[in-house]
Amino acid sequence: MKIISQYTQLNPKLYHQQAAQPLTGAQAGHFNQALAEELQWSEQEQQQWVKYCSGQKSFADFPSLAMVYAGHQFGQWAGQLGDGRGLLVAQLQDRHGKTVDLHLKGAGKTPYSRMGDGRAVLRSVIREYLAGHALNALGVPSSNAIGFTTSTQAIQREKIESGAMLLRTADSHIRLGHFEWINQYAPELLADFVEHCIQWHYPECLDEEQPVLAFAEHVICRTAKMIALWQLHGFAHGVMNTDNLNITGSTLDFGPFGFMERFRPNWINNHSDHHGRYTYQQQPSVAHWNLWVWINNLIPLAQASEKEKFKQDLSNCLAQFEPTFLECYQQGLCAKMGLPHFHKDSFQCAMSFLNILQSEQLDYTQSFIRLQEKQWQVLRDDCLNLHQFDQFVEQYHAIRQNQDQHQLDAEMKQHNPRYILRNHMAQTAIQAAEAGDFSELDRLFKLLTQPYTHQPDLEHAADLAPLASDQAEISVSCSS
Ligand code: AMP
Ligand code: MG
């Protein structure tokens, strides 16, 4: 592998160097070999993946470190946070020349652990491992992982669980909350920090007349596009605190996330979110709010005489959020529907379909597959309000009538996954893994590698549908 050291170029106030603290009895969990190859791991390095993924072996020429940051949690200022149970253990160049962070989650206590134990448990590590893989395969920007290890070390959560570690990859671990920490605790570092962020992640902005404004606009637009993709795939992050969004608009810090099954826009996957701040339907406005918090942290970069103008310019950047989100969401939704996005009635027709899914409590992913496969009767049989359904079908055919239907059908295939990571799928794999059997996890990993491709040899009936409505939902909370 090719190690590079970007983060250590920053002022040491921004991190704390320390080594990972291995768990007792570390054992192999799962290894993503394709990703290791992307990251130019040699065969010899790949053979040592268990050691790298359990903190028993460090990466040469990179002093591992915990980053400090702050954040707003559930809308409230939370003060200093930071990597309380993970370390940036290396930065690598992938085979396309891009820099990728390696972060070892569950690596022990750091100065930022507050009341926590610095550890992660097997259950949450498996959920993060599979979800990152699933999102990447769907084409949603996201962290991913090289692999994970389990251990014989007991960790206390609601019950005793096995300690585990995940070697996560991300294009950046710089969070919106980094800027909040700097403004609050070390404002003298802001200009240099922003300069580095631009240089590392948005070098194209250096050619702009006002690089900081161009940077802000890029971060805002990338975040808007990521959220649009979440909405299109029914993904609910669960804890969209400002410390859990990064500056490259890629999904980070999975906790109580979930892929929505029955279509309920006000669905809360996170059982710790008592007020429903992070429901599926709130995600666009929460992201907008987080970015508003974030741009306020850039204001000190302006000269005193230009402050008012700069504030206005930043707010103009933020105004790009909504149109960027809408364009991406509307185009994506029309593609999922097999409707031409330029047609004036397409979006409204798509909304009629979503209304049906909502009122009839139908599965989001499965219904789009049925639409794609033109299983009209199956869809209709699931509806109580047949008038609503028949009206939709009539409008749907009317819009498609004079269009290139082959082209529209081909687009549908590229935009409608057959497989998502349903909570009960993850749960089955977790239960087997906790008993030492990783074969179900391996099956899901393979299945989710090609979410758009029908894999009859690998799929189980339970992968395609939600649990029956009389079965209790799997409870997912912040505890991980
Ligand atoms: P999260 O909501 O999981 O992103 O975590 C919020 C903050 O709590 C971050 O600063 C984490 O590093 C920290 N944290 C979460 N779990 C633990 C833990 N078990 N030990 C130490 N810190 C933790
Ligand atoms: Mg976090």
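## Ligand 1 and its polar contacts

A backbone N or O atom of Gly82 sits 2.6 Å from an oxygen atom of ligand 1, and that is a good place to start looking at this predicted model. Gly84 makes a similar kind of approach: one of its polar backbone atoms is 2.8 Å from an oxygen atom of ligand 1. Arg119 takes part through its backbone too, with an N or O atom 3.3 Å from a nitrogen atom of the ligand. On its own, ligand 1 has 480 Å² of accessible area, and the protein covers 80% of it.

If you zoom out to the whole shell, you will find 17 residues around ligand 1. Those that come nearest are Gly82, Gly84, Arg114, Gly118 and Asn244. Sorted by class, the shell has eight charged, seven polar and two nonpolar residues.

## The magnesium site

Which residues coordinate the magnesium ion, ligand 2? Asn244 does so through OD1 and Asp253 through OD, at 1.9 to 2.1 Å. Asn244 is worth a second look, since this residue is also among those that come nearest to ligand 1.

Are these two residues buried or exposed? Asn244 has a relative accessibility of 8%, so it counts as buried, the limit being under 20%. Asp253, with a relative accessible area of 13%, is buried because it falls under that limit as well.

## Cysteines without partners

How many disulfides does the structure hold? The number is zero. Take Cys197 as an example: the nearest cysteine sulfur belongs to Cys205 and is 11 Å away. A disulfide requires two cysteine sulfur atoms within 2.5 Å, so Cys197 is in no disulfide. Cys197 is also buried, at a relative accessible area of 0%.

Cys328 is in no disulfide either; for this residue, the nearest cysteine sulfur is that of Cys221, 11 Å away. In terms of exposure, Cys328 counts as partly exposed, because its relative accessibility of 23% lies between the 20% and 50% limits.

## Domains along the chain

To place these sites in the chain, it helps to have the domain bounds at hand. Domain 1 runs over residues 7-173, domain 2 over 328-415 and domain 3 over 428-464. The centres of domain 2 and domain 3, taken over C-alpha atoms, are separated by 28 Å.

Notes: Residues numbered from 1 in each chain as written. Chains lettered and ligands numbered in written order. Predicted model: local features only at pLDDT ≥ 70, side-chain atom pairs only at ≥ 80, totals over all residues. Heavy atoms only, no water. Near = heavy atom within 4 Å. Polar contact = N/O pair within 3.5 Å; in protein donor to acceptor, adjacent residues only side chain to side chain. Areas by Shrake-Rupley, 256 points an atom, 1.4 Å probe, with all protein chains shown as cover. Nonpolar A, V, L, I, M, F, W, Y, C, P; charged D, E, K, R; others polar. Domains from an automatic or database assignment. Donors = N, O, S within 2.8 Å, 3.2 Å for Na, K, Ca; no water. Buried < 20%, exposed > 50% of the residue type's maximum accessible area, 1.4 Å probe, protein only.
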